[in-house]
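Let us walk through this structure, starting at the ligand and ending in two loops. Keep the 3D view open as you read.

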Amino acid sequence: MPRDIGGGGFGMGPGHAKFKFDDESGKTHLSKALLLRILQYFTPYWKPALLVIAVLCVSAVLGLLPPILIQQIIDRALPERNLRLLFMFVLASLATTVVSGLLGVLQNYLNSFISQHIVHDMKNQMYRHLQRMPLQFFSSVRQGEVITRMTSDISGVQGVFNSTIVNFASNLFILATTGAALFLMNWKLALLGIIVVPLFIVPTRKMGSLRWKLAKQTQEKFAEQNQVVQETLSLSGYLLMKLFTREDQEYHTFQRTNAEATRLQIRESLAGRWFMMALTTFTSVGPMLIYLYGGYLFIQGELTVGTIVTFVALLGRLYSPVMQMTNLYVDIKRSAALFERIFDYFDMEPGITDQPGARPLEAAGRNIVFEEVSFAYQPDKPALHGVSFTAPAGTLTALVGPSGAGKTTITNLIPRLYEATSGRITIGGTDLRDFTLASLRSQIGLVTQDTYLFNGTIRDNLLYASPDATPAEVEEACRAAYIHDFIMGLPEGYETVVGNRGIKLSGGEKQRISIARVLLKNPPVIIMDEATSSLDTLSEHYIQEAMHGLLQNKTGIVIAHRLSTIISADQILVVQAGSIVQQGRHEELLAEDGIYRDLYETQFGAGSLTKQV
Ligand code: ADP
């Protein structure tokens, strides 16, 4: 069922990421719909898939030949003392083995071909799908989950195609051909051999359930363990743990889950041992019954020695697929859970998409207007209600207000990172939703507080928005953003690597690079979130100058934290608890009784209007 991701009700609870085991009773959950959906991935590869089926069929039949040839050797070649016949049968047996081996190689090749291609297709599909997910998805999903889904889950799929499905088909054919051969040879002996099958099916199933339960518990312990590691050995978690001297408690939690996981794993592997012992006993009962009854028939002169020997050999070929198939059910369940998790992701509707008939937004020098806009991240908690204002083209609008008031939310609605729950936003009188997303976003430059720079050179980072910019244009943008001199002072200038594996830049430097990046893109609308972190006077001066260059002749909407920005704004919107409570220029607002004057009076000395309110 598609998940609701519109507006706010995004159904990604914290429990969602958990490995989806079935209920305690261990019922298989491979529905027809799920199976059909999995099989769809085979469609482009139906030819090699058919070939695999053909190879499996031929191999299953070929596998019957060696025991049958043994019967011929014992019953014909040996009693007749016919060396030529003996030689022929042995040679035929050898040839069968060689051909089977060759077919095995072909089948392996085809399997890998199909499974790798399916994994390849799924990975592409998943990446494309995740790209289309709304921002809300990434802020609510657990850290690392997307990577797990992309890597280990999809790789797990390869195992399913490569072994689970192939083993299932192969065992099915072996079972069918061997069963038929046994009944054709002697139906009474065949019945006798089959009578014992339930003896090992029952314990195998029981063991499957037990191992499933243990695996589930182990998995939960591992998840707990990972959580402790993630929470205490990440940068911020580590600080928290150290500052509150929680090392011993955290170690205790880790040690406890670790010990439980170990205990569960030992139980799981021991359960396997006992099980194997029981199985070996049961599987030897069948041949013994055959020797007993077959021997009796031989003594009566109704059966040849060769038939008895062949029967026992074929019985092995019958039992092993039965056992494997019974075990396979655990694999199948695991695979079903794996696919369900992957399909769960595929079923989440991409958030915000182009409406039918959406048209491109032309380079716009037009007013941005909010008309009674409301928005909620979660249905019961509105973040904005009835927000109305006009940001006239070519002017600077400053948003001020206490933290959590809804300023970022207002700015996020303009490039449609989120969709207004009610009301509408227009540019030049046209609803944002009537424009294509790509054209809308290409007209907007966003400078966030915490600029993300990916691993790569400064130049790569700058060119991300406009790959065709010339070095001269890059330099010009960096000069205008007051970052050129700083970049030139770095060991390798524009080619210096930044990000995780490169040099670390201060918040102010990163924001100036971000400004240069937006300058290169040169969009008519600029949305900016001023850094709240305290900057030294020089950095602040640079940022102000850079902003000045950036906002010239643009429609600017700035979440303002600095007095100089507020004073220079054409209009100030004071946001409080999701509404605009005051609107005007600095002097006008100061003259009014209201939150703005309080903000100003408390914060003026600190030079910041919002942070500690
Ligand atoms: P500001 O920018 O003024 O500090 P925000 O617009 O970031 O305020 O937040 C407004 C309200 O919305 C706050 O109560 C905040 O907790 C909530 N909020 C912000 N982002 C999310 C989110 N991704 N999911 C749920 N609630 C959010």
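Helix 11 contributes three residues to the shell around the ligand, the most of any element. The model is predicted. Helix 11 spans 407-413. Two other elements, helix 4 (135-140) and strand 1 (368-378), also supply at least two residues each.

Now look at the makeup of that shell. It holds 14 residues. Eight are polar, five are nonpolar and one is charged. Coming nearest to the ligand are Gly-404, Gly-406, Lys-407, Thr-408 and Thr-409.

Which side chains place a polar atom by a ligand oxygen? Lys-407 does, with a polar side-chain atom 2.9 Å from an oxygen atom of the ligand. Thr-408 has a side-chain N or O atom at 2.3 Å from a ligand oxygen. For Thr-409, the corresponding distance is 2.5 Å. How much of the ligand does the protein bury? Alone, the ligand exposes 560 Å², and the protein buries 63% of that.

Next, turn to the backbone, away from the topic of the ligand. Arg-81 has a phi near 50°, a positive value in a residue other than glycine. Find Arg-81 in the loop between helix 2 (46-77) and helix 3 (83-131). Is Arg-81 buried or exposed? Its relative accessible area is 78%, over the 50% cut-off, so Arg-81 counts as exposed.

Ala-577 is not a glycine either, yet its phi is positive, at about 45°. The loop that holds Ala-577 runs between strand 11 (571-576) and strand 12 (579-584). Ala-577 is exposed because its relative accessible area of 56% is over 50%.

Conventions
Residues numbered from 1 in each chain as written. Predicted model: local features only at pLDDT ≥ 70, side-chain atom pairs only at ≥ 80, totals over all residues. Heavy atoms only, no water. Helix = DSSP H or I, 4+ residues; strand = E, 2+ residues; numbered from the N terminus. Buried < 20%, exposed > 50% of the residue type's maximum accessible area, 1.4 Å probe, protein only. Near = heavy atom within 4 Å. Polar contact = N/O pair within 3.5 Å; in protein donor to acceptor, adjacent residues only side chain to side chain. Areas by Shrake-Rupley, 256 points an atom, 1.4 Å probe, with all protein chains shown as cover. Nonpolar A, V, L, I, M, F, W, Y, C, P; charged D, E, K, R; others polar.
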